[in-house]
Amino acid sequence: MQITKDTVVTLAVRIADVHGRLLEQGKGAEAYLHGGYGNTLDRIESALEGREPGYQATLQLGPRDAFGERDESLVRTLPKREFPPGVKVGGVLELPDDQGRAQPFRVAKIKGDTVHLDGNHPLAGQELRFLIKVLGVRAATPEEIRHRHAHGEHGHHHP
């Protein structure tokens, strides 16, 4: 089956820097609903259109097409006393953004009584290589299309 709108695509994805150093390797297969639902990067979706299981590609994406440019306004410092106990580097806290919506911030470092937070994606601002292999393609269920994401094995599960 070919990858077209309203198909669920199961991928293995690895992300490397431009020198080939592995930065992130998926924890197994990941599934997404194909067809403009915002479930994967636009350039990845475009590259996979019309492909079949077994297809492999290496895509080199600049920050704009990957995880965006770094936004220094998303870097904050706050007193450690304002955080729940057990705050650790690498943890994620949600704080309100300028419009009052919850924005995830990664704890970048803790120095003395100050916690340094970063709301940028950890790979923002980097040119990256995405090593992709299509493991499977199937027709999406009506429920997946209504919910705008994949369900079931390797996808999102609803309770």
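**Exercise 1. Which residue in β3 does Val8 stand opposite, and how do the neighbours of β1 pair with β1?**

The model is predicted, so local features need pLDDT of at least 70 and side-chain atom pairs count only at pLDDT 80 or more, while totals for chains, interfaces and linings use all residues. Residues are numbered from 1 along each chain as its sequence is written, and side-chain values use heavy atoms, with hydrogens and water left out.

Solution.

1. Val8 stands opposite Leu33 in β3. Strands are DSSP runs (E, at least two residues), numbered from the N terminus, and two strands pair if DSSP finds at least two bridges between them.
2. Strand β3 covers residues 30-33 and is joined to β1 by four bridges, in the antiparallel sense.
3. Strand β2 (residues 22-25) also runs antiparallel to β1, with three bridges. Here Ile15 has Glu24 as its bridge partner.
4. The hairpin of β1 and β2 has four residues between the strands, and Gly20 takes a positive phi near 90° there.
5. Eleven antiparallel bridges link β1 to strand β9 (residues 128-139). Asp17 stands opposite Leu128 in that strand.

**Exercise 2. Is Thr7 buried or exposed? Describe its surroundings.**

Solution.

1. Place the residue: Thr7 lies in strand β1. That strand spans residues 7-17, and nine of its eleven residues are buried.
2. Apply the cut-offs: buried means under 20% relative accessible area, exposed over 50%, and partly exposed in between (1.4 Å probe, protein chains only). Thr7 has a relative accessible area of 3%, so Thr7 is buried.
3. List contacts, meaning heavy atoms within 4.5 Å. Leaving aside neighbours within four places in sequence, Thr7 touches residues including Met1, Tyr32, Leu33, Val137 and Ala140.
4. Check the side chain: one of its polar atoms lies 2.6 Å from the backbone oxygen of Thr4.

**Exercise 3. How many aromatic pairs does the structure hold? Classify what is found.**

Solution.

1. Rings of Phe, Tyr and Trp (its six-membered ring) pair if their centres lie within 6.5 Å; planes under 30 degrees apart count as stacked, over 60 as edge-to-face and the rest as tilted.
2. The structure holds one such pair. Its rings belong to Phe67 and Phe130, with centres 6.0 Å apart and planes at 40°, so the pair is tilted.
3. Phe67 sits in the loop between β4 (56-61) and β5 (75-79), and Phe130 in strand β9, so the pair ties together parts 63 residues apart in sequence.
4. Phe67 counts as partly exposed at 25% relative accessibility, whereas Phe130, at 2%, counts as buried.

Key: Polar contact = N/O pair within 3.5 Å; in protein donor to acceptor, adjacent residues only side chain to side chain.
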